[in-house]
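Here are some notes to read alongside the model, written for someone opening it for the first time. Keep the viewer at hand and go point by point.

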Amino acid sequence: GMPTARDSLSTLLKKVHSDESQFRFLVRERHGGVAEVRRAIATELLLFSRELAIDLARIPALTQWGADDLEVAADLIVSIMMTTVAELLDGDGREATERALVERAEKQLVMVFLGMTQWKPSQ
């Protein structure tokens with residue numbers, strides 16, 4: 001079935017906590033000064049997004065989807081994840097704040113997943 005939003009987010013959270021400095025760098029430099037660094041990060045995120053699109057393609061409900069639609073959905077999920085990471089890194093470090101941010105991202109992802117089940121793929 002669909003990966004749950006909670007599964008995806010708890011995996012991401014563990015990654016962020018285990019490698020905070022790398023994520024800080026990513027978030028800071030994604031729209032930062034150096035063009036080569038921005039391009040490298042964009043490429044990394046694109047690869048991550050493409051991998052996610054391949055994962056999505058394996059979900060039975062999405063087997064009729066074309067590559068374009070899968071990539072759009074994957075990009076949306078990655079955007080939500082990146083925004084959440086930025087907000088977590090900017091946060092005050094309090095558990096309540098973190099929980100609120102994660103719950104918000106969870107809600108956003110659930111909306112995306114629900115929307116995906118209603119979407120009629122443009123073959």
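Which helix gives the most to the lining of the largest pocket? Keep that in mind for the first point, and remember throughout that this is a predicted model.

1. **The largest pocket.** The answer is α3, which gives 10 residues to the lining of the largest pocket. The lining has 28 residues in total, and those that lie nearest the centre of the pocket are Leu12, Lys15, Phe23, Leu45 and Phe48. α3 has company here: α1, α2, α3, α4 and α5 each supply at least two residues of the lining. The space inside comes to about 730 Å³. As for the chemistry of the lining, count 18 nonpolar residues, 4 polar and 6 charged.

2. **The second largest pocket.** This one holds about 150 Å³ of space. Its lining is made of 14 residues, and to find the centre, look for His17, Leu88, Leu89, Gly93 and Glu98, which lie nearest to it. Two or more lining residues come from each of α1, α2, α4 and α5. By type, the lining of the second largest pocket splits into 5 nonpolar, 4 polar and 5 charged residues.

3. **The nonpolar core.** Now turn to the packing. The largest nonpolar core contains 33 residues, and the ones with the most contacts inside it are Leu9, Leu56, Leu62, Ile77, Leu109 and Met116. Five helices each put in at least two residues: α1 (5-18), α2 (20-29), α3 (35-57), α4 (67-90) and α5 (95-118). The biggest giver to this core is α4, with 11 residues.

4. **Ile77 as a way into the core.** If you want one residue to click on, try Ile77. Setting aside neighbours within four places in sequence, Ile77 is in contact with Leu52, Leu56, Leu109, Val112, Phe113 and Met116. Ile77 is also among the residues with the most contacts inside the core.

5. **How long is α3?** What span should the 23 residues of α3 have, at 1.5 Å a residue? The expected figure is 33 Å, and the end C-alpha atoms are 32 Å apart, so the two agree. Along α3, the buried residues are Ile41, Leu45, Ser49, Leu52, Ala53 and Leu56. Their cover includes α2, α4 and α5. One of these buried residues, Leu45, also turned up among those nearest the centre of the largest pocket.

6. **Leu56.** This residue sits in helix α3. Is Leu56 buried or exposed? Its relative accessible area is 2%, which is under the 20% cut-off, so Leu56 is buried. Leaving out neighbours within four places in sequence, Leu56 is in contact with Leu62, Leu70, Ala73, Ala74, Ile77 and Met116. Take Leu70 from that list: Leu56 and Leu70 are 14 residues apart along the chain, and their C-alpha atoms are separated by 6.9 Å.

7. **Ser49 and Asp75.** These two touch each other, yet they differ in how much surface they show. Ser49 is in helix α3 and, at 1% relative accessibility, counts as buried. Asp75 is in helix α4 and, at 33% relative accessibility, counts as partly exposed. Not counting residues up to four places away in sequence, Ser49 touches Glu71, Ala74, Asp75 and Val78, while Asp75 touches Ser49 and Arg50. Asp75 and Arg50 are 25 residues apart in sequence and 8.4 Å apart in space, C-alpha to C-alpha.

8. **Pro121, past the last helix.** Pro121 belongs to the segment after α5. With 26% relative accessibility, Pro121 counts as partly exposed. What does Pro121 touch, not counting residues up to four places away in sequence? The list is Gln64, Trp65 and Asp69. For a sense of distance, try Pro121 against Ser18: they are 103 residues apart along the chain, and their C-alpha atoms are separated by 37 Å.

Conventions:
Residues numbered from 1 in each chain as written. Predicted model: local features only at pLDDT ≥ 70, side-chain atom pairs only at ≥ 80, totals over all residues. Heavy atoms only, no water. Core = buried A, V, L, I, M, F, W, Y, C linked by side-chain atoms within 4.5 Å. Buried < 20%, exposed > 50% of the residue type's maximum accessible area, 1.4 Å probe, protein only. Helix = DSSP H or I, 4+ residues; strand = E, 2+ residues; numbered from the N terminus. Contact = heavy atoms within 4.5 Å. Expected span 1.5 Å × (residues − 1). 1 Å grid on protein atoms, 1.4 Å probe; cavity = no way out; pocket = protein on both sides within 12 Å on 5 of 7 lines; lining within 4 Å. Points joined across faces, edges and corners; volume = space filled by probe spheres on them. Nonpolar A, V, L, I, M, F, W, Y, C, P; charged D, E, K, R; others polar.
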